[in-house]
Amino acid sequence: MSKAKLALTLGTLIVLSIGWAAPSGAAHSFVTEQRVSATLALSPIRFSEDRSAGLLVDGWINGAGPFTFALDTGAGVSLVTSKVVSAARLPVTNSKRPLVGGLTTTPIASHEETHASRLSLGTINNQVPAQPTLAVVTSLPGSLDGILDPTDLFGTLAYSIDIPNHQLLAFDAQSNGLNLKTPPRDGAIVRWVRSGDTDRPFVKLGDGRLALIDTGSSFGLAVNQPGPSGGNHINRVSDLGGGSVAVREVAPTTVSIGELVLRSVPTDLLTGVPADTPLLLGRRALYPFKITFEPVTRLIIFEPALRPR
């Protein structure tokens, strides 16, 4: 079955500030730096954070590049532009299942796909183990050349996204002594919940709702509000598909994820999005954390990120 799934939830082009209460206490690294540095499957991958486009990383496909890719855990599919296809001389075929997705009702659409035999991130020689299927779109806003869902890239390797320190690590969980039974201090280990026919990382909140861990979104907690937009303090924001959505910020929310309790999380109501848009936990909620995704046991680990010395 084609990897171009009908599940794309792309981040919005919205500018927000960070300002909520993260857990207190002295953080410590859940996976020791000494063991990780000795047994990494790939070299550490540095990314930058753009206020609108998200977590950006340099990438090469079949030796061509560098291209600018966004790392989006909420995408459900990886995609590249026609520019990348041409530069990397990638063969294009018709998708078995067309891609239609995006945060708004003006979707990104693709009926074509390609395969990358060699995809490297961070540096040209830092090759990911998988050979992902990539949906092909004509273009993306700004300087973006593609959007990569990390789950497509690393196969059975665990990977961690350290948002404050702008670093992505891919590693073998067993050889790095990843403890999947005892939660890290001021953190949590929770099930990676499957929703629908995708591998997007959902978690169950304390109130029973499912929320998508979405590094492509700059929201905090984003809730789909059916019906017409109304009331005060309505903003219009655009997503990567070129459509727009009405956003109304409401009172901050307390959110629990396993043993982790987040207080005063910025919360937005979204109007004009598809009816099946899930509850989103975006970068404004995830910012203080290093989040580790373990695909074999299907667990997700949240821990406060260590600040650089």
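**A strand-rich chain and its nonpolar cores**

Of the contacts in the chain with a separation of 6 or more, 70% are made by residues 24 or more positions apart, a contact being heavy atoms within 4.5 Å. The model is a predicted one, in which local features need pLDDT of at least 70 and side-chain atom pairs count only at pLDDT 80 or more, while totals for chains, interfaces and linings use all residues. Residues are numbered from 1 along each chain as its sequence is written, and side-chain values use heavy atoms, with hydrogens and water left out.

On the secondary-structure side, the chain has three helices and 23 strands; these are DSSP runs numbered from the N terminus, helices being H or I over at least four residues and strands E over at least two. Of the 309 residues in the chain, 53% are buried. Here buried means under 20% relative accessible area, exposed means over 50%, and partly exposed is in between, with a 1.4 Å probe and protein chains only. About 13000 Å² of the chain is exposed, and carbon and sulfur atoms supply 49% of that area (Shrake-Rupley method, 1.4 Å probe; for residues, only the protein chains shown count as cover).

Next, the interior. The largest nonpolar core holds 52 residues, and Ile61, Leu121, Phe154, Ile257, Leu281 and Phe302 are the ones that touch the most other members. A nonpolar core is taken as a set of buried Ala, Val, Leu, Ile, Met, Phe, Trp, Tyr and Cys residues joined through side-chain atoms within 4.5 Å. Strand β5 (residues 64-71) gives the most to this core, with four residues. Apart from it lies another core, of twelve residues, including Ala53, Val137, Leu140 and Leu144. Leaving aside residues up to four places away in sequence, Ile61 is in contact with Phe67, Phe69, Val80, Val84, Ala88, Leu90, Ala116, Arg118, Leu119 and Leu134.

Two of those Ile61 neighbours, Phe67 and Phe69, come up again among the aromatic residues. Five aromatic pairs turn up in a search of the whole structure; rings of Phe, Tyr and Trp (its six-membered ring) pair if their centres lie within 6.5 Å, and planes under 30 degrees apart count as stacked, over 60 as edge-to-face and the rest as tilted. Phe67 and Phe69 have ring centres 6.1 Å apart and planes at 45 degrees, so this pair is tilted. Phe67 counts as buried at 5% relative accessibility, and Phe69 is buried at 0%. Trp192 and Phe293 make an edge-to-face pair, because their planes stand at 75 degrees, with the ring centres 5.9 Å apart. That pair links distant parts of the chain, 101 residues apart: Trp192 sits in the loop between β14 and β15 (202-204), Phe293 in strand β22 (residues 289-294). Trp192 is buried, with a relative accessible area of 2%, and so is Phe293, at 0%. Together with Phe154 and Tyr159, Trp192 and Phe293 form one aromatic cluster.

Strand β22 also has a place in an open sheet of six strands, ordered β2-β13-β12-β22-β23-β14 with antiparallel pairing. Strands β2 (45-46) and β14 stand at the edges with a single partner strand each, so one side of each is left without a neighbour in the sheet. Two strands are called paired if DSSP finds at least two bridges between them. Strand β14 is joined by four bridges to strand β23 (residues 299-304), and the two run antiparallel. Ala188 has Phe302 as its bridge partner in β23; Phe302 is also one of the core residues that touch the most other members. Elsewhere in the sheet, strand β12 (residues 158-162) holds Ser160. This serine counts as buried at 3% relative accessibility. Ser160 touches Gln167, Leu168, Leu169, Phe171, Lys290, Ile291 and Thr292, again not counting residues up to four places away in sequence.

Some backbone details are left. The peptide bond from Gly65 to Pro66 is cis, with omega near 5 degrees, and Pro66 belongs to strand β5. Asp186, which is not a glycine, has a positive phi near 60 degrees. Its position is the loop between β13 (167-171) and β14 (188-191), and at 25% relative accessibility Asp186 counts as partly exposed. Ser264 likewise has a positive phi, of about 60 degrees, without being a glycine. Ser264 lies in strand β20 (residues 260-271) and is partly exposed, with a relative accessible area of 39%.
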